[in-house]
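Trainee: I would like to go through this model one element at a time. Please give the reasoning before each result.

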Amino acid sequence: MVHRGLCAFYADHFVLPLPAGHRFPMAKYAWLRERIADRLPGVCIQEAPAATDGQLLLAHDAAYVSAIIDGSIDARIMKDIGFPWSAPMVERSRRSVGATVAALETAMTQGAAVNLAGGTHHAHAAAGSGFCVFNDIAVAARSLQQKEAAQGRRMDVLVIDLDVHQGDGTATITAGDSSIFTLSLQGRDNYPFTRARSDLDVELPSGCTDELYLQALQEALVQVDRRFSAHAVVYVAGVDVHENDRLGRLGVTADGIARRDIMVFDWCLRRGLPVAMCMAGGYGKDLSAMVDIQVNSVSRLAQFQRQWLSLEQPAAGR
Ligand SMILES: [Zn+2]
């Protein structure tokens with residue numbers, strides 16, 4: 001196999017028009033891409049493809065998809081999403097989903113790939129919320145499953161959602177679907193205040209330290225081992241667990257995030273599992289510092305990929 005370097009899919013040039021002072025951290029996506037280009041020259045940065053209607057329908061209701069596309073979407077749903085509707089918003093949302101679809105497909109043969117945005121885990125089948133229009137995680141998992149099923153292969157996908165907020169949309173979309181397992185570690189006192197039920201939820205107290213956080217993750221991975229056997233992993237690597245995050249409420253340090261990534265990647269490597277990573281949340285008081293933490297996560301994913309490619313028989317290397 002030719003090692004082409006880690007593929008990173010981006011969509012930050014599809015700009016979502018926002019009113020001045022909007023709290024969505026739009027600038028961070030371009031910064032992340034630029035810093036990766038500067039500091040991680042082995043990473044292959046590619047424009048994200050747009051998710052097709054057919055792909056979106058694998059996780060979303062037809063009426064919701066068409067109302068988002070044509071702009072007839074209920075004003076209350078747009079208020080929950082938190083963006084004003086516009087045609088560029090629709091395009092960016094499609095690209096953000098397409099990036100995770102592409103990352104997961106790429107990971108199957110290259111061991112790893114990353115969406116430099118995504119992790120839009122608050123989008124439910126018939127309603128987005130919390131800056132999430134479509135659910136890239138559920139769409140990507142189902143899209144891969146559909147592709148593999150056409151070859152007569154079963155494809156069970158594990159979602160490791162370590163964004164500080166619960167992956168409620170992913171949980172509701174995949175409820176009752178035994179082929180997708182959702183693990184979500186979240187701040188107990190954080191949005192969404194109405195919880196969905198993931199396959200495994202872990203609630204963390206406000207102020208949660210590195211030690212407590214890493215112990216909770218370790219225990220959760222032991223439980224996953226007992227309950228699910230995956231063929232591929234989607235890692236939702238939100239850095240809003242960081243102690244300086246404006247929304248996160250936890251006390252995890254940059255070192256804690258590094259150890260978290262390594263714990264996830266080591267666990268996946270021992271099982272030969274390919275990993276698609278999406279960046280998800282990060283709303284640092286110092287956005288530039290937050291982006292640096294995310295660059296480091298991408299660097300660790302590239303290291304994981306090199307190790308995965310050197311495995312004798314990676315699970316997905318077929
Ligand atoms: Zn979050």
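Trainee: In which loop is Pro 192 found?

Mentor: This is a predicted model, so what follows is computed from predicted coordinates. The peptide bond from Tyr 191 to Pro 192 is cis, with omega near -5°. As for its place in the chain, Pro 192 is found in the loop between S5 and S6.

Trainee: Is strand S5 largely enclosed or not, and how many of its residues are buried?

Mentor: Ile 180, Thr 182, Ser 184 and Gln 186 point one way from S5, while Phe 181, Leu 183, Leu 185 and Gly 187 point the other way. Residues on both sides are buried. Strand S5 (residues 180-187) is therefore largely enclosed by the rest of the structure, with a buried count of eight of the eight.

Trainee: Which residue of S5 is the bridge partner of Val 159?

Mentor: Strand S4 (residues 157-161) and S5 run parallel and are joined by five bridges. S4, helix H7 (residues 168-173) and S5 also make a right-handed β-α-β unit. Within the S4 and S5 pairing, the partner of Val 159 is Thr 182.

Trainee: And which residue of S6 is the bridge partner of Gly 187?

Mentor: S5 is joined to strand S6 (residues 200-204) by five bridges, and these two run parallel. For Gly 187, the bridge partner in S6 is Leu 204.

Trainee: How far apart are the end C-alpha atoms of helix H5?

Mentor: Helix H5 (residues 87-110) has 24 residues, and at 1.5 Å a residue it should span 34 Å. Just after H5, Gly 111 takes a positive phi of about 90°. The end C-alpha atoms of H5 agree with the expected span, being apart by 34 Å.

Trainee: How many residues does H5 bring to the largest nonpolar core?

Mentor: The largest nonpolar core has 95 residues, of which Val 234 and Val 275 touch the most other members. H5 supplies the largest share of this core. H5 is also largely enclosed by the rest of the structure, because 20 of its 24 residues are buried. Its share of the core is ten residues.

Trainee: Which residues of H6 does Val 234 touch?

Mentor: Leaving out residues up to four places away in sequence, Val 234 touches Leu 104, Ile 137, Ala 140, Ala 141, Val 157, Val 159 and Ala 276. Helix H6 covers residues 136-149, and ten of its 14 residues are buried. The buried residues of H6 include the ones sought here. From H6, Val 234 touches Ile 137, Ala 140 and Ala 141.

Trainee: Does Phe 131 count as buried or partly exposed?

Mentor: Phe 131 is found in the loop between strand S3 (112-115) and H6. It has a positive phi of about 65° although it is not a glycine. A residue needs 20 or more C-beta neighbours within 10 Å to be buried. Because Phe 131 has 18 inside 10 Å, it counts as partly exposed.

Trainee: What of Ala 280, buried or exposed?

Mentor: Ala 280 lies in the loop between strand S8 (275-278) and helix H10 (287-309). Its phi is also positive, about 55°, although Ala 280 is not a glycine. With 27 C-beta neighbours inside 10 Å, Ala 280 counts as buried.

Trainee: What is the radius of gyration of the chain?

Mentor: The chain has ten helices and eight strands. The globule rule gives 20 Å for 318 residues, and the value for the chain is close to that, so the chain is as compact as a globular protein of that length. The radius of gyration is 18 Å.

Definitions and conventions. Residues numbered from 1 in each chain as written. Predicted model: local features only at pLDDT ≥ 70, side-chain atom pairs only at ≥ 80, totals over all residues. Buried ≥ 20, exposed ≤ 12 C-beta atoms within 10 Å, placed from the backbone. Helix = DSSP H or I, 4+ residues; strand = E, 2+ residues; numbered from the N terminus. Pairing = 2+ DSSP bridges. Right-handed = clockwise from strand over helix to strand, strands pointing away. Rg over C-alpha atoms; globule rule 2.2 N^0.38 Å. Expected span 1.5 Å × (residues − 1). Core = buried A, V, L, I, M, F, W, Y, C linked by C-beta atoms within 7 Å. Contact = placed C-beta atoms within 7 Å.
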